[in-house]
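Here's a walk through some local geometry, from backbone oddities to ring pairs and helix crossings. Have the viewer open and follow along.

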Amino acid sequence: MQPPIPKRDPKIITQLGRTRTDNYAWMKDENWQQVLRDPSVLRPDIAAYLKEENAYAESVLADVEPLRAELLKEMIGRVPPADSSVPWPDGPWEYYSRFEEGAQHPLHARKPRAGGAEQILLDVDALAKQHEYYALAAARHSDDHKLYVYAEDVQGSEVYRIQVKDLETGELCAPAVESTAGSFVLSPDSQWLFWVYRDENGRPSRIYRRPLLGGEDVLVFDEPDAGFFLHIGVSASKKWIVIERGDHDTNETLLIPAADPCATPQVAAPLVRGERYSFTHWNDRFIVLTNAGGAVDFQLMQTPDIATDRVNWTPFVPYKAGHYILGASASAGYLAWAERQDGNVQISIVPHDVTGDIRTQAATIAMDEAAFDLTMLGALEYRGSVLRYIYESPTTPAHWYDYDMKTGERVLRKVRDVPSGHDPAQYETRRLFATAPDGESVPITVLMRRGAALDGSAPLLLYGYGSYGIAMDASFSTSVLSLVDRGWIYAIAHIRGGSEKGWNWFLEGRGTKKPNTFTDFIACGRYLAANGYGAEGRIVAHGGSAGGLLMGAVANMAPELFAGIAAQVPFVDMLNTMSDVSLPLTPPEWPEWGNPLEDPAAYDLIASYSPYDNIEAKEYPPILAMGGLSDPRVTYWEPAKWIAKLREVAKGGPFLCRINMGAGHGGSSGRFKRLEEVALVQAFAIWAMGRKSLLRVGVERGAERG
């Protein structure tokens, strides 16, 4: 089957005195907002073209369809047919979710803490069977335990509908709330529902309140800054309803006393551009996580809960360079916080009456392993002393622990089950460090079979992200084992733009320093090849979303390094996207990338690395770009345009585009269904590597004949 040849309809764009031509701008449906809410209204010519692309991708990869099915079967075999979460206690009940055997989606349930029969709160699998796509953003019970509220998305567009269910009758008992961002809270008196509204351009722009059982919608807060996100929560103490507004650089908190949920929200501390802070309520005070005062890796401060302005903040856990504080959790008697150092996480705990040097008095939870992930889930109950956390590593399945902060007793509550079997001793995790072009040391986490030969013969998959300060932790993945068990080495490049080495690691890979992200990744690939973990030209690169930007950039910068590149929901049409103020994420993302509408330097920098704008007439490896028709974050036309231009300009390939016509940014819903796309990526990787080997053999034989 021949690749689709899309029409070229040149669009001349002049901006800040600069001109560019976009041959494929027509792929963006002018009514994209409606497409997000109803994919069936997609313009027919665009729909036809995307279907042609899907058919071509399937035809090219047809030979690996049996391998893909085999990979999927293996991955499903590592997922427990029936599974249950560790119950979370609240008042007279324990709440949990569980999967019935073979179910794609869970049941939400509870049992009396004193013992008794299970009560089903929500059958998500039954709801999901009514739709091609189904996902929940959140679900929670009212504090009086009488109602269950959930936000559902039935098309992958992240436009959620909030439903309220009566737990006594099992029936929906209030009018649905439409067009929400999925973020909501219930007032602790169980009388009011607060939610974040998603506007016609897909932005969370307002917060409303209504009686929980239905009634008038009252505007609580209208966000004046198109570049700010909105979030809403309730403190663990149940004393405060908390609104947060901000972007990647700056934020502000507004407080509503839970005892007076109809009160006007009050600013806790006015925003200061470039400063971030968040509040954790702890009895009579707030613990403030902030970067104020030059605390790049953040510090903990404290302030009376009746005097929250900055002038009242005093040090609690002072700033310490290289110790990036991630967050805090409070119970009445104890405060716990998590901090990252050298890529790994430690949890520290102090009692309420602590004084003096907090760090030296803290009890700590850490693990003795080269690379691991420690996730603090938080205190189970505000009036209790038990903290829950998860420990895992690339070789070790997740372990759920309950830690008594009063006695130091630790109880193992659950170990992630791998039904097909898993022996950690058969695998090895290593933490390596590559040297970037500017001399920075870039961490790499490696997973491989124990005793694997480091002679460059093993195929290597290198994963990267590197944006928004999001760390790619060294966690356990059952799907990766399918590659490792086939002799692959799997590596994660902890490149700048993430926060693995602290918040400054993020700052050194954003804005004017964004190119560091790309050169770090290339340096990691070359380091691994030079040290026998792979070989140049025998590396498959993988990334998604902003990691897809990474994939597009390194494809342009160092295509010879890779045997293949898999880019899921790739953010590759950067210059056009960051110049389109109607798109949901454009104004909020200007602090991350720069504003090419107003800043010539930002325009020129983005233009210098935007994958779509820098494709060259040179050899590229095979590339698989995957998107979702309902994706509001990275719209479907970005991967489609990228692949079309690669075919127009570049050599090599093949270049494949696959658009999920029934899903959004996260791909298919359902715990087994989503594995289909994971299996596709791995099948593509194996296919690309095999193709590279065949091409190399062909070249060698040609040389022999010559």
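## Odd phi angles

Let's start with Lys238, which sits in the loop between strand E15 (229-234) and strand E16 (240-246). Keep in mind that the model is a predicted one. Lys238 isn't a glycine, yet its phi is positive, at about 65 degrees. Is Lys238 buried, partly exposed or exposed? With a relative accessible area of 41%, Lys238 is partly exposed, since that value falls between the 20% and 50% cut-offs.

Ser179 is another non-glycine with a positive phi, in this case about 55 degrees. Ser179 isn't in a loop position like that of Lys238, but in strand E11 (residues 177-186). Its relative accessible area is 19%, and because buried means under 20%, Ser179 counts as buried.

## A cis peptide and a buried glycine

If you're checking omega values, go to the peptide bond from Gly653 to Pro654: it is cis, with omega near 5 degrees. Pro654 itself belongs to the loop between strand E39 (651-652) and strand E40 (655-660).

Gly627 is found in strand E38 (residues 623-628). It's a buried residue, at 9% relative accessible area. Gly627 and Tyr463 are separated by 164 residues in sequence, and their C-alpha atoms are 18 Å apart in space.

## Aromatic pairs

Now the rings. A ring pair is described by how far apart the centres are and by the angle between the planes. The model has 23 aromatic pairs. Take Trp32 and Trp637: their ring centres are 6.5 Å apart and their planes stand at 65 degrees, so this is an edge-to-face pair; the angle has to be over 60 for that label. The two residues come from distant parts of the chain, with Trp32 in helix H1 (residues 32-37), Trp637 in helix H13 (residues 637-649) and their positions 605 residues apart. Trp32 is buried at 5% relative accessible area, and Trp637 is buried too, at 4%.

What kind of pair do Phe279 and Phe286 make? Their ring centres are 4.7 Å apart with planes at 25 degrees, so they're stacked, as planes under 30 degrees apart get that label. Both Phe279 and Phe286 are buried. They also belong to one aromatic cluster, together with Trp240, Tyr277 and Trp313.

## Arginines over rings

Two arginines are worth a look if you care about charges over ring faces. Arg671 lies over the face of Phe99, 4.1 Å from the ring centre. Arg209 does likewise with Trp192, at 5.3 Å from the ring centre.

## Sheets and a hairpin

Four strands make up an open, antiparallel sheet in the order E27-E28-E29-E30. Strand E27 (373-379) and strand E30 (410-415) are at the edges with a single partner strand each, so one side of each has no neighbour in the sheet. On average, neighbouring strands here are turned by 25 degrees against each other, direction ignored. E27 pairs with strand E28 (residues 386-392) over 6 bridges, in the antiparallel sense. For a register check, Asp373 has Glu392 in E28 as its bridge partner.

Strand E31 (residues 427-435) and strand E32 (residues 441-449) also pair in the antiparallel sense, over 9 bridges. Glu428 has its bridge partner in E32, namely Met448. E31 and E32 form a hairpin with 5 residues between them, and Gly439 in the turn has a positive phi of about 95 degrees.

## Helix crossings

Helix H8 (residues 515-530) packs against helix H9 (residues 546-557) at an angle of about 70 degrees, with the axes 10 Å apart. That makes H8 roughly perpendicular to H9, a label that covers 65 to 115 degrees. Which hand does the crossing of H8 and H9 have? It's right-handed.

H13, where Trp637 sits, has a packing partner in helix H2 (residues 44-60). H2 and H13 meet at an angle of about 65 degrees, their axes 12 Å apart. H2 and H13 are therefore roughly perpendicular, and their crossing is left-handed.

How values were computed
Residues are numbered from 1 along each chain as its sequence is written. This is a predicted model: local features need pLDDT of at least 70, side-chain atom pairs count only at pLDDT 80 or more; totals for chains, interfaces and linings use all residues. Side-chain values use heavy atoms; hydrogens and water are left out. Rings of Phe, Tyr and Trp (its six-membered ring) pair if their centres lie within 6.5 Å; planes under 30 degrees apart count as stacked, over 60 as edge-to-face and the rest as tilted. Buried means under 20% relative accessible area, exposed over 50%, partly exposed in between (1.4 Å probe, protein chains only). A charge sits over a ring if NZ of Lys or CZ of Arg is within 6 Å of the ring centre and within 35 degrees of the ring normal. Two strands pair if DSSP finds at least two bridges between them. Axes are lines fitted to C-alpha atoms, for helices over the stretch in contact, and angles run from 0 to 180 degrees between N-to-C directions. Angles under 35 degrees count as roughly parallel, over 145 as roughly antiparallel, 65 to 115 as roughly perpendicular and the rest as oblique. A crossing is left-handed if the near helix is turned anticlockwise from the far one by less than a right angle, and right-handed if clockwise.
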